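Reader: I'm new to this one, and I'd like to learn how to read it. Could you walk me through it?

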Amino acid sequence: MDTLLGEFVERADELLHAQKQMNSLLDAVMSMADELSLETVLDRVVTSACTLVDARYGALGVIGEDQQLSHFITVGIDDEGIRAIGDLPTGHGVLGHLIREPQPLRLHDLGQHPMAIGFPSNHPAMKTFLGVPIRVRDVVFGNLYLTEKKGGLDFTAADEELAVALAAAAGVAIQNARLFDESHRRQRWLEAGVELGSLLIANEFDDGASHLDLVAETALRASESILAVVAVPASDGRVLCRSAIGVQGLYAGQELTGSEIVLSVIETGQSRVVKDPHHVLGVDLTEKLGPVLVSALGHRGTDNGALLLARGIGAPAYTRSDVDSSALFGSRIGLALDLVRVSALRQQSVVLSDRERIARDLHDLVIQRLFAAGLGIQNLRRFMEDPAALERMAALTEELDDTIRTLRSTIEELRSADKTR
């Protein structure tokens, strides 16, 4: 009876522990579903996983397009500890093994795995390990890493099952957060394009530089970048900076090294992301920059140039949504710039027409009347015998001749100004 009673109590404890874990799993799933911010969702996934399997440390590595870790979120290590460790992992050793073979992995000693490459200096000691992949629509989004189970115990098969279940729920939450984030980014790009396009068309600026500064500033905010550059091609094949907003280091008139890339985007009208900023900007400030997004400002072969956007190192990379939205933004703004240019040409044409009319009136009407008045005065000389009167009439004739010469000079200046425009 004592043995049976002990087994019953032990089974009851196991059931209570399992029930507690199920409740914790349900709470974790609900907490992830309540949030739509991708960064917050990822942080809650790691925190919930650590709580669920009693892990001291946890991390979530997001896999980039190059099959390396593009983003790394940690729990259990404070900011000072992260700074002491230095650069975050990029996907080597056991972490890289999970990227290449996305299957659950439990280890008694992380350092004894054949793929282990050791820890950097100032890294906390880690031994027991549990890693599971996180999939979003059958695509591996990243991996969940858990280490140092409390009490020095190994992670169990039950822990693995809980982590796998949490990873499955996390995949759904991450997908929802990504869709929300993508929708928000597209809306931000769209609103910026509509607002800027209307502003450019409705207002007049003193020169083209004012337009481009406004374009760069608006794109900087819409894309959450730290640098926005408007580059235009020169007649000799070079690409020059016309406007730069954000981190300092570029100035108007400076030549950019990535002429082939920028000219290709302008020619095709297709936006593209350049991973190495040196290939486009080629200046010292690129040490602070990550990938560069290049978009044409208008249709293919546009004269408006291209828009170059760059985020800082470690910032989220430009997504396909950013590429598509930037292309739509560039097309809309390019059309607005074309309309502004046409409006300026129309106003200039009106001014030139007025000058031509004034010149024609001066020549055909005013000069002819002055010339006729001069002839009339000269004819009156035959009827005048007073020397003083004759002298006065000669002076009037000379003044009329000077006036005619001045008017002819003014007409030539008006017509010369028309030809130079």
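Author: Sure, let's start with a pair of strands. Strands and helices here are DSSP runs numbered from the N terminus, with at least two residues (E) for a strand and at least four (H or I) for a helix. Two strands pair if DSSP finds at least two bridges between them. Here, E9 and strand E10 (residues 289-296) are antiparallel partners joined over three bridges. One bridge puts Arg 272 opposite Val 294 in E10.

Reader: Before we go on, where do the numbers and coordinates come from?

Author: This is a predicted model, where local features need pLDDT of at least 70 and side-chain atom pairs count only at pLDDT 80 or more, while totals for chains, interfaces and linings use all residues. Residues are numbered from 1 along each chain as its sequence is written, and side-chain values use heavy atoms, leaving out hydrogens and water.

Reader: How many helices and strands does the protein have?

Author: The protein has nine helices and 11 strands.

Reader: In what order do the strands of the six-stranded open sheet run?

Author: A general idea helps: in a regular strand the side chains alternate between the two faces of the sheet. In this structure, the open sheet of six strands goes E8-E7-E6-E11-E10-E9, and the pairing is antiparallel. E8 and strand E9 (272-274) are its edge strands, each pairing on one side only.

Reader: How many bridges join E6 and E7?

Author: Seven bridges hold strand E6 (residues 227-233) and strand E7 (residues 239-246) together in the antiparallel sense. Val 232 has Leu 240 in E7 as its bridge partner. On the other side of the story, E7 pairs with strand E8 (residues 255-256) over two bridges, again antiparallel, and there Leu 240 stands opposite Glu 255.

Reader: Which helix lies across this sheet?

Author: That's helix H7 (residues 259-268), which lies across E6, E7, E8, E9, E10 and strand E11 (306-312) and runs at about 35° to E10. Such angles run from 0 to 180 degrees between N-to-C directions, with axes as lines fitted to C-alpha atoms, for helices over the stretch in contact. The buried residues of H7 are Ser 259, Ile 261, Val 262, Val 265 and Ile 266, and they pack against E6, E7, E8, E9, E10 and E11.

Reader: What do "buried" and "contact" mean?

Author: Buried means under 20% relative accessible area, exposed means over 50%, and partly exposed is in between, using a 1.4 Å probe and protein chains only. Contact means heavy atoms within 4.5 Å. Of the protein's 421 residues, 39% count as buried.

Reader: Which residues have the most contacts inside the largest nonpolar core?

Author: In soluble globular proteins, nonpolar side chains tend to be buried together. A nonpolar core is a set of buried Ala, Val, Leu, Ile, Met, Phe, Trp, Tyr and Cys residues joined through side-chain atoms within 4.5 Å. The largest one here has 29 residues, and Leu 60, Ile 134, Leu 144, Leu 146 and Ile 174 have the most contacts inside it. At least two of its residues come from each of helix H2 (38-53), strand E1 (55-63), strand E2 (69-75), strand E4 (129-136), strand E5 (139-149) and helix H5 (157-202). There's also a second, separate core of 24 residues, including Ala 216, Val 230, Leu 309 and Tyr 318.

Reader: Which residues does Leu 144 touch?

Author: Skipping residues up to four places away in sequence, the contacts of Leu 144 include Val 45, Val 46 and Ala 49. Those three are also among the buried residues of H2.

Reader: Is Ser 321 buried or exposed?

Author: Ser 321 is buried, because its relative accessibility is 3%. This residue lies in helix H8 (residues 320-380) and touches Glu 182, Arg 185 and Arg 186, again skipping residues up to four places away in sequence.

Reader: What should I know about phi?

Author: Most residues other than glycine have a negative phi, and most peptide bonds are trans. Glu 148, in strand E5, has a positive phi near 60° and is partly exposed at 22% relative accessible area. Glu 224 sits in the loop between helix H6 (208-223) and E6; its phi is positive too, about 55°, and at 52% relative accessible area Glu 224 is exposed.
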